[in-house]
Amino acid sequence: MNDSPPIAVPPPSFGTLCRSLQIELEPAEIDRLGRFLSLLLEANERFNLTRITDHESAWMRHIGDSLTLLPLIASARASRVIDIGSGGGLPALPLAITLPDVSFVLVESTGKKANFLQSTAAALGLGNVSVINGRAEEIGRDRDRHREQYDIVTARAVGKLNVLLELTTPLARVGGHVLAIKGERANEEIAEAKPALHALHCHVTNTLRTETGTIVTIEKQRRTPKLYPRRPGEPKRAPLR
Ligand code: SAM
């Protein structure tokens, strides 16, 4: 007999994390977050979206880790957020569930994952979410619709900071921010990304250790030079140095 609690019920450690972040969730939001996790883990049986599948880790490392960005987005009074390399929807879908007045664009290059994001947003009734099946390097060159138009760009587990900066900063407006969820080697990545920060007219304004990771905040100071982002694949193949 399986006596672990259903995935829709968050473990006590998740409540503790929310209190430490000073986040108060409505019962309806917790219900939607649980439904999202169920859909994610169900789809994960058909194609690879995550390695984390046990109940408590999924709430902490998927939902909790995503929500560590919530206070930063709320305090910035952001209205337009774009998430790069959304994969199974992290951190964007938990944020879209808990910030219904903010519009979220999710960019994912793999078609199957983008389809999952689209159908999951629809199943959860998230009217503030749109999904683009495409590459950040292309979206970042689209002046009419995306380039320099977002208050905040988010990304988790998409690449090292020196690569990620070229994928994300062209999308932020001048004065806007990139919020990157990183691990324990955040400071090494920041040091390695100095040339990229310089070339892309950005600087790191904060690093914040959370219970689940490290949030690096980058501010865009001036417009991105026309050269960036380079063509698809180039930022990863030859990171700025
Ligand atoms: N952000 C999710 C998370 O934290 O679970 C997914 C992380 S997964 C390791 C990285 C995702 O980024 C993959 O789904 C990949 O297809 C996508 N990706 C990588 N490079 C990309 C690019 N240049 N443009 C758009 N998506 C990209």
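A molecule sits in a pocket if more than half of its atoms lie within 2 Å of the pocket's grid points. By that test, the ligand in this predicted model sits in the largest pocket. The protein surrounds the ligand with 14 residues. The pocket itself has a lining of 40 residues. The points below take the ligand, then the pocket, then some backbone details.

**Ligand surroundings**
- Of the 14 residues around the ligand, the closest are Gly85, Leu90, Glu108, Glu137 and Arg156.
- Sorted by class, this shell holds three nonpolar, six polar and five charged residues.

**Polar contacts to the ligand**
- Gly85 uses its backbone: an N or O atom there lies 2.8 Å from a nitrogen atom of the ligand.
- Ser109 also offers a polar backbone atom, and this one is 3.3 Å from a nitrogen atom of the ligand.
- Thr110 works through its side chain, where an N or O atom is 3.2 Å from an oxygen atom of the ligand.
- On its own the ligand would expose 600 Å², and the protein buries 79% of that area.

**The largest pocket**
- The space in the largest pocket comes to about 1,100 Å³.
- Nearest the pocket centre, among its 40 lining residues, are Gly85, Arg156, Ala157, Val158 and Gly159.
- Gly85 and Arg156 therefore appear in two lists: they are among the residues closest to the ligand, and they are among those nearest the centre of the largest pocket.
- The lining splits into 13 nonpolar, 13 polar and 14 charged residues.
- Four helices and two strands each give the lining at least two residues: helices H3 (55–67), H7 (136–139), H8 (161–168) and H11 (234–237), with strands S2 (103–108) and S5 (172–182).
- H3 gives the largest share of the lining, at three residues.

**Cis peptide bonds**
- Leu90, one of the residues closest to the ligand, is joined to Pro91 by a cis peptide bond, with omega near 5°.
- Pro91 lies in the loop that runs between strand S1 (80–84) and helix H5 (92–98).
- The bond from Tyr228 to Pro229 is also cis, and its omega is about -5°.
- Pro229 belongs to the loop between strand S7 (214–220) and H11, and H11 is one of the helices that supply the pocket lining.

**A positive phi**
- Glu148 is not a glycine, yet its phi is positive, near 55°.
- Its place is the loop between H7 and strand S4 (150–156).
- H7, at one end of that loop, supplies at least two residues of the pocket lining.

Key
Residues are numbered from 1 along each chain as its sequence is written. This is a predicted model: local features need pLDDT of at least 70, side-chain atom pairs count only at pLDDT 80 or more; totals for chains, interfaces and linings use all residues. Side-chain values use heavy atoms; hydrogens and water are left out. A residue is near a molecule or strand if one of its heavy atoms lies within 4 Å of it. A polar contact is a pair of N or O atoms within 3.5 Å; within protein, one must be able to donate a hydrogen and the other to accept it, and residues adjacent in sequence count only if both atoms are side-chain atoms. Accessible areas come from the Shrake-Rupley method with a 1.4 Å probe; for residues, only the protein chains shown count as cover. On a 1 Å grid over the protein atoms alone, a cavity is a set of points where a 1.4 Å probe fits but cannot get out, and a pocket is an open set with protein on both sides within 12 Å along at least five of seven lines; lining residues have an atom within 4 Å of a point. Ala, Val, Leu, Ile, Met, Phe, Trp, Tyr, Cys and Pro count as nonpolar, Asp, Glu, Lys and Arg as charged, and the others, Gly among them, as polar. Grid points are joined across faces, edges and corners, and a volume is the space filled by probe spheres set on the points.
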